[in-house]
Every structure is written in structure tokens, then in C-alpha cells.
Amino acid sequence: MTLAQVIADYHALLEPALAVESWQRLTAEMRARRLYFGERPLATVLRPRLITASQYELLRRGTQQVAEAARAIVAAALDSSEAGQAVREVLMLTPLEERLIEMHPGYLEPSAHSRMDTFLTVDGSSLQFVEYNAESPAAIAYEDLLAQAFLAMPVMQEFAKRYPILPLPARQYLLRTLLDCWRAAGSPGHEPQVAIVDWHGVPTATEFEMFRQYFVEHGLPAVICAPQDLSFRDGQLLAPTPDGGEMPVTIVFKRVLTSEFLTHYGEEALSHPLVQAYAAGACVIVNSFRAKLLHKKSLFALLSDERFYDPLSEEQRAAVAAHVPWTRVVRPGTTTYQGEQIDLLSFARANRERLLLKPNDEYGGKGITIGWEVSADEWDAALQAALSSPFVVQERVTIAYEPYPALIDGKVVIGERLVDSDPFLFGTEVNGCLCRLSTVTLLNVTAGGGSTVPVFIIDE
């Protein structure tokens, strides 16, 4: 039986009474678990993402191989060799980022937990990656609790009678990762104590509280604070506690983006308590500042350029060819496309319908221009603007679509949605997956893009 048939069987269960009851239950479960992004409920549809075990294995295997290839290539950026200089020229790190990356994080993994954003088609015939969130990936806790909320729906309980389903919880892997990094760094402070650090008022604040509660339930003291709340005294990083006291912090679960941290503090970032404690080995930061080596959008320009393939195995090269779209840094000059020499800017101007432009270091869909959705004049203007700041140009991938049911005015309406499948990595091992849905091409919750749903594996 095909996955398309499985999905059709799920939709067939959504008779009006069961659909209404299921939506009411899902809404109540999301409210009880605070499953909101800012003021928006995370899920707006009545079905989770369903994938087969073989699809999940394809997702795991392809993601791991590409993640390993990425690490093999960017490793050169940590030395002064000619190869290292070539890698850094593509990554386009800022001087302050370079200074932070020079500091050893205390453990070897440049991105201890991350997320690969991908499109996996319903028939499993295409798996293509669009970017790598290697610095501060959100949604692990959201996905775990969303799975619980969906399992409470009557329609899911009916569906599970026919098709065994398996959720993909991931919080336990993050907890283990934090502790593993702390131990690898020599267990600074002798006791693991976590500060979840990001700016006050960010829309993911509810997820921070989910993590804090989970950590405490598993014996790991945790607080939530902003960078400006931290202090470094007597060799200890200190964070405020709700009772007005202070807690020594030995693990920083860093959700604040390095780019925003550096923009906010400038040169003074290097003397910030967080960086002082990091440099002194008084704490570990997860992810460390070295995650920037993998987080830049231009990572895909390294992965899709054969000039950088020397460190890669044949298996890694095959995975990159299968899953990573052609990408280049936007700058004048020649490069290659499908083995042929091209002038990059001329090629980009002539091939708007299959290209898009992305800032090298942004998130939430900011600054992206989708060539096939703008006019030639708008594309030329965006291309010209991209020459003045770090941008990449990337080839269009095969976008995945699936039908999803929503309850509108008391009726079930099934419509096509863009679907991404974004596996969570711990090191280079995949455990768990985010799924986002949208009716527009720019598929991002931060940008207002649609719905988030949990992922379940169907037992084949």
C-alpha cells in the first residue's frame, strides 16, 4: 500500500462530527501545552506528517552523509593552510566571528545539535536540502509536545487502530548532548547547571519554558535568561533565578544567534560575561560559536563545488550530488555549473526562473528573493543588491506537496500544502524531525508561514 493511500484512508475518517471533536481536542491540548509561536497556535490542520520507515531511513542516511561531508570540508577553516583560506573566503565570516571561532569550545563537535531543512516528496522519489540550521535550531520541544497533542485526537486514535504509528521524540537526545559536551570539556564547575539564553520577548519563549521544565524533571537545574542578565565573577558564570538569587551556570544552551549577539554588542561582545566564561573554560556553550562554520548559507556553495571535494569519500560525494542544490556566493567572476564554465552574474540574470537569492546569515525567510515569483526587473535589482553584502544564489529544488485537512466554518477542507521535512541532528546522527506546512513558497514559521505538525512513522 502506498503512502498516498494511507493518507487518503486518514482523510476518509474525517466525518464532520469526528473532525469537529478532533479539532476541539487538538485546540485544547495545544492551549494546555502552550503550543504557540508568539500568539499563533502551531498547528492549523487535522493531520500530522506521515512517513514510512523507509522514507525516514532515506532521510536519516542522506542527512547524515551530507552533515559528515560538511564537517569534512569546513574543518580546513580552522587552520592557516591554502585550503583553509579558500574555505573561509566562501564562508565569508566577519572579523568578530573569526575571533570567536578561534576559541576552543572544549569539545570537538562544531555543531552538537542542528537541523537540516529539506523537501521529501510523498513518494520518496526526491530528497533535497535547502539549508542547514547548524547554530540555534528551534522546535525540538514543540515537536515532542505536538505529537502528544495529536495523539489525543479521536481521529488519530481511530487511525492507529488500522495503522501502527511511531512518534519521534527528541528532547532526550538534546539533554544527553548538553551533558556529553559538558563532560567532554572536563565537567567545568563540577555540577551541570543550565542557562537557556536568548533575548527577552522572542516568539520561541514558550519552547524555552518547555525545555526548562524537562531539564528540571530530569535532574538538571535550569533557568531562562537573556545575555544582558549574565555576569562573570570569581571564575563563575552567573544567571539570575526567579527568587532574586543567582545560579552558577556551567552549560549555556545558546539560543541567541551569534550574529544578533555581535550586532548588539559589537567589539564589546569579546568582553561580555558569556564570552569571558567561555574563554576561561568556566562553562560550555551548546552550540558553540564554531557552529557558524556550518550555519552560513554559503556552506552549500562549498558542498556543491567540486573544488572542495578532496576530503570527501565517494559515498559523501554521491549524497551531496543527490541532495544538495547548486549554490554559489554572489560575486563577479566565473564558476562551474554542471561541469561547464559560466560567468556567474550573466548566468544568474538569464536563469531567474530556476534560481533564488538568500542572505548568507539570516533566518526566518528574511531577505530571500524567489526568482520564479518576481519580474525580470525585480530579479535584476535583487541581484545587484546582493553584490553589496554577503548573498548566495541557489538553484530551485523539487518542492514537496501533500493534501492536508483543515476545519473551516465547521467543514473539512482538504488543500495542497508545501511540506518540508527537517530532521534534527545530534552530531551527525538524526533523531526526530520538524515538519512545516505552507500555502506559499517561503516556508517558514517565523515569516508567518503556515502550520507546524508532528511527524509519525507508519509501520509498513
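User: What makes the contact between the side chains of D361 and K292 a salt bridge?

Analyst: In this predicted model, the N to O distance between the side chains of D361 and K292 is 2.7 Å. A salt bridge requires a side-chain nitrogen of Lys or Arg within 4 Å of a carboxyl oxygen of Asp or Glu, so the pair qualifies. The two residues stand 69 residues apart: D361 is in the loop between β17 (355-359) and β18 (369-370), and K292 is in helix α12 (residues 292-295). Both D361 and K292 are buried, where buried means under 20% relative accessible area, exposed over 50% and partly exposed in between (1.4 Å probe, protein chains only).

User: Which residues are linked with D361 and K292 in a network of salt bridges?

Analyst: The network links D361 and K292 with E97, E135, K254 and K296. Within this group, the side chains of E135 and K254 form a salt bridge at 2.9 Å, N to O. E135 lies in the loop between β5 (127-133) and α6 (140-151), and K254 lies in strand β12, 119 residues apart. By the same rule the model has 26 salt bridges.

User: Why is E135 called buried?

Analyst: E135 has a relative accessible area of 0%, which is under the 20% limit, so E135 is classed as buried. Its partner K254 has 2% and therefore counts as buried as well.

User: How do you know that D117 and R115 form a salt bridge, and are they buried or exposed?

Analyst: Their side chains meet at 2.9 Å, N to O. D117 has a relative accessible area of 4% and R115 has 5%, so both are buried.

User: What makes β12 and β13 a pair of strands?

Analyst: Strands pair if DSSP finds at least two bridges between them. Here 3 bridges join β12 (residues 251-254) to β13, so the condition is met. The two strands run parallel, and the bridge partner of F253 is V286 in β13. Strands are DSSP runs of E of at least two residues, and helices are runs of H or I of at least four, numbered from the N terminus.

User: Why are β8 and β13 called edge strands?

Analyst: The open sheet has 4 strands in the order β8-β7-β12-β13, with parallel pairing. β8 (222-225) and β13 (284-286) each pair on one side only.

User: On what basis are these values given?

Analyst: Residues are numbered from 1 along each chain as its sequence is written, and side-chain values use heavy atoms, leaving out hydrogens and water. Local features need pLDDT of at least 70 and side-chain atom pairs count only at pLDDT 80 or more, whereas totals for chains, interfaces and linings use all residues.
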